[in-house]
Amino acid sequence: MIKLIAIDTDGTLLNSQGEIQASTKEAISKALDRGVKVVLCSGRPIAGLTPASLNCSIPRSTRARGSKNSAAGWKSRQKKSWRSATREDMFAFAGTSVAMGNGNDLVKQAADYVTSSNDEDGIAQALEKFVF
């Protein structure tokens, strides 16, 4: 059972127009309703996140913990600094890793599953497959 979903912002949560698709918002809300924790992950500091990525149904306290700023917390719990971790490192750590169809080929090769692109309901499709 999936207990936590970590979603990157640029190119994943946000489509190519910098918006969150309605299907993505609905899928995230459905996951939250089922008790699944959802965190936003970004290489950007929280102040650098776009307004669209902050305007979603994920509780603000969860969004803050999911940012790169939480790397120190990860380091103390996991004995490894995630500041220098690659996406492949994070995929290896995850129970189930999903890459977006619009992701780069190396990331898609490292993932357990490749979903549709960020413009083609990729998050909603992945959540439907693995969470619901």
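This is a short tour of one predicted model, stop by stop, with something to select at each.

**Stop 1: helix α8.** Select residues 122-130, which make up helix α8. Which residues of this helix are buried? They are G122, I123, A124, A126 and L127. Now show what covers them: the cover includes β1 (4-8), α1 (9-13), α2 (22-33) and β3 (98-99).

**Stop 2: the core.** In soluble globular proteins, nonpolar side chains tend to be buried together. Here, the largest nonpolar core has 15 residues. Pick out I5, I7, L13, V38 and I123, the members that touch the most others. Two or more residues of this core come from each of β1, α2, β2 (37-41) and α8.

**Stop 3: just before the helix.** Click on D121, in the loop between β4 (113-114) and α8. Most residues other than glycine have a negative phi. D121 isn't a glycine, yet its phi is positive, at about 65 degrees. Is D121 buried or partly exposed? With a relative accessible area of 30%, D121 is partly exposed.

**Stop 4: two rings.** Search the whole structure for aromatic pairs and you'll get 1. Select Y113 and F130: their ring centres are 5.2 Å apart and their planes sit at 80 degrees, so this is an edge-to-face pair. Y113 belongs to strand β4 and F130 to helix α8, so the pair ties together parts 17 residues apart in sequence. Both rings are partly exposed, Y113 at 27% relative accessible area and F130 at 29%. While you're here, add K129, which lies over the face of F130 at 5.6 Å from the ring centre.

**Stop 5: K30 and its partners.** Side chains of opposite charge can pair when their charged atoms come close. The structure has 2 salt bridges. For one of them, select K30 and E128, whose closest N and O atoms are 4.0 Å apart. E128 is in helix α8 and K30 in helix α2, so this pair ties together parts that are 98 residues apart in sequence. E128 is partly exposed at 45%, and K30 is partly exposed at 33%. Then add F132 to the view: K30 lies over the face of its ring, 4.3 Å from the centre.

**Stop 6: a bridge within one helix.** Finish with K108 and D105, which meet in a salt bridge at 3.7 Å, N to O. They are 3 residues apart in helix α7 (residues 105-110), so about one helical turn separates them. K108 is partly exposed at 23% relative accessibility, whereas D105 is exposed at 53%.

Methods. Residues are numbered from 1 along each chain as its sequence is written. This is a predicted model: local features need pLDDT of at least 70, side-chain atom pairs count only at pLDDT 80 or more; totals for chains, interfaces and linings use all residues. Side-chain values use heavy atoms; hydrogens and water are left out. Buried means under 20% relative accessible area, exposed over 50%, partly exposed in between (1.4 Å probe, protein chains only). Helices (H or I, at least four residues) and strands (E, at least two) are DSSP runs, numbered from the N terminus. Contact means heavy atoms within 4.5 Å. A nonpolar core is a set of buried Ala, Val, Leu, Ile, Met, Phe, Trp, Tyr and Cys residues joined through side-chain atoms within 4.5 Å. Rings of Phe, Tyr and Trp (its six-membered ring) pair if their centres lie within 6.5 Å; planes under 30 degrees apart count as stacked, over 60 as edge-to-face and the rest as tilted. A charge sits over a ring if NZ of Lys or CZ of Arg is within 6 Å of the ring centre and within 35 degrees of the ring normal. A salt bridge is a side-chain nitrogen of Lys or Arg within 4 Å of a carboxyl oxygen of Asp or Glu.
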